[in-house]
Amino acid sequence: MTGAPKTRERRVAIVADTAQHIGPWVARKLAERGHDLVISDPNVVIEDAETSAPNLVAELKDMGGRVEVVDIDDVNAEGSVQKLVDRAMEIFGGYDSAFIRPGVHIVGPWDKATAKDLMDSAAGNTLSTQYALQAIVPPLVAQGSGQVLIEVSATGAKDFPNVAVYGATRAAAKYLINQVALDVAKHEVTLNGMGSMFCDYPGYRNSLGVTNPEAEAEAKKPIPMGRFGQPEEMAHLAAALLDGGCNYYTAQFLNMSGGWNGL
């Protein structure tokens with residue numbers, strides 16, 4: 001595959017977080033495709049839910065690659081993604097791709113949102129994206145190759161009821177990603193945003209109160225496909241943009257929402 005520096009026998013990927021959403025599956029798919037990995041601790045969650053992948057490190061090692069686990073409490077915090085980058089540089093001499101999922105779910109009607117809600121959402125959804133980009137992108141620019149995918153939210157591209165503050169700060173992150181992507185394209189670094197919606201993992205169900213069959217049926221009404229998306233199928237697309245084989249796709253925003261964004 002193109003894009004891998006000759007000083008590394010195997011490609012190296014950074015993945016965070018690996019506790020929730022599609023991160024565990026992205027790590028698995030990249031391991032299957034011959035990547036060594038630098039990941040956040042899969043037992044440290046950033047949402048009010050248990051980890052989805054308590055045995056992930058052992059699974060990844062069983063696939064034959066090296067796995068470096070970095071202890072970070074909050075992928076949104078300043079310096080957290082930099083720790084992943086530093087470990088990749090120290091152990092592997094660099095890296096080839098990165099998947100980062102920053103964000104906080106602050107939901108509710110716009111007229112009930114407080115100034116603190118807005119500032120917390122901006123910090124967790126927009127500023128966290130800036131921190132990730134500032135850590136991840138420069139080393140790839142320096143080596144003249146790399147692929148980056150930042151998970152945002154499909155609400156950053158389309159309105160959804162009762163998430164005005166959340167969606168607005170996700171939309172700002174989407175804009176930021178696109179601008180950085182255009183700046184670094186000449187360095188053969190691809191950078192894209194990914195917006196998911198209706199992803200069936202504990203954090204989603206908790207944040208929107210999908211905790212019983214009636215609430216689940218109501219939540220599925222806006223989805224053209226009529227079902228929630230599974231993390232594994234969303235990760236399949238994400239991995240295709242990170243494994244070194246798709247190097248002419250950049251400055252785009254992908255939506256995985258069962259057709260909701262197409263309405």
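This is a short dialogue on reading a predicted model, from its sheet to its cavities.

Trainee: Where do I start with the sheet, and in what order do its strands form it?

Mentor: Start with the strand order. Seven strands form an open sheet, ordered S3-S2-S1-S4-S5-S6-S7, with parallel pairing.

Trainee: Which are the edge strands?

Mentor: Look for strands that pair on one side only. Here they are strand S3 (67-70) and S7. Then check the angle between neighbours. On average, neighbouring strands of this sheet are turned by 15° against each other, direction ignored.

Trainee: How many bridges join strand S1 to strand S2?

Mentor: Five bridges join strand S1 (residues 11-16) to strand S2 (residues 35-40), and the two run parallel. Take the register from residue pairs. Arg11 has His35 in S2 as its bridge partner. Ala13 stands opposite Leu37 in S2.

Trainee: Are the faces of S2 covered or open?

Mentor: Begin with the general idea. In a regular strand, side chains alternate between the two faces of the sheet. Now apply that to S2. His35, Leu37 and Ile39 lie on one side, Asp36, Val38 and Ser40 on the other, and all are buried. That is six of the six residues of S2.

Trainee: Which strands does helix H4 lie across?

Mentor: Read contacts, then direction. Helix H4 (residues 115-143) lies across S1, strand S4 (97-100), strand S5 (146-151) and strand S6 (189-196). H4 runs at about 170° to S5. H5 also packs on the sheet, where it touches S5, S6 and S7. The direction of H5 makes about 165° with that of S6.

Trainee: Why does Phe253 count as buried?

Mentor: Compare its accessibility with the cut-off. Buried means under 20% relative accessible area. Phe253 has 19% relative accessibility, so it counts as buried. Phe253 sits in strand S7 (residues 253-256). Setting aside residues up to four places away in sequence, Phe253 touches Val152, Ser153, Ala157, Lys174, Gly193, Met194 and Gly195. For a sense of distance, Phe253 and Ile46 are 207 residues apart in sequence and 24 Å apart in space, C-alpha to C-alpha.

Trainee: What should I look for in the backbone of the loops?

Mentor: Check omega and phi. The peptide bond from Ala16 to Asp17 is cis, with omega near -5°. Asp17 is in the loop between S1 and helix H1 (23-32). His21 is also found in the loop between S1 and H1. Its phi is positive, about 60°, although His21 is not a glycine. His21 counts as buried because its relative accessibility is 4%.

Trainee: Where is Ala251 found?

Mentor: Ala251 is in the loop between helix H8 (231-240) and S7. Ala251 has a positive phi near 60° and is a residue other than glycine. Its relative accessibility is 15%, so Ala251 counts as buried.

Trainee: How many cavities of 30 Å³ or more are there?

Mentor: Two. The largest has a volume of about 210 Å³. It is lined by 20 residues; closest to its centre are His105, Ser153, Tyr166, Met197 and Tyr204. Helix H5 (164-184) and helix H6 (202-207) are the elements that give two or more residues to that lining. By class, the lining of the largest cavity has 11 nonpolar, six polar and three charged residues.

Trainee: Which residues line the second largest cavity?

Mentor: Asp17, Ser40, Val44, Ile46, Ile72, Asp73 and Val75 line the second largest cavity. Its volume is about 40 Å³. By class, its lining divides into four nonpolar, one polar and two charged residues.

Note on methods. Residues are numbered from 1 along each chain as its sequence is written. This is a predicted model: local features need pLDDT of at least 70, side-chain atom pairs count only at pLDDT 80 or more; totals for chains, interfaces and linings use all residues. Side-chain values use heavy atoms; hydrogens and water are left out. On a 1 Å grid over the protein atoms alone, a cavity is a set of points where a 1.4 Å probe fits but cannot get out, and a pocket is an open set with protein on both sides within 12 Å along at least five of seven lines; lining residues have an atom within 4 Å of a point. Grid points are joined across faces, edges and corners, and a volume is the space filled by probe spheres set on the points. Helices (H or I, at least four residues) and strands (E, at least two) are DSSP runs, numbered from the N terminus. Ala, Val, Leu, Ile, Met, Phe, Trp, Tyr, Cys and Pro count as nonpolar, Asp, Glu, Lys and Arg as charged, and the others, Gly among them, as polar. Buried means under 20% relative accessible area, exposed over 50%, partly exposed in between (1.4 Å probe, protein chains only). Contact means heavy atoms within 4.5 Å. Two strands pair if DSSP finds at least two bridges between them. Axes are lines fitted to C-alpha atoms, for helices over the stretch in contact, and angles run from 0 to 180 degrees between N-to-C directions.
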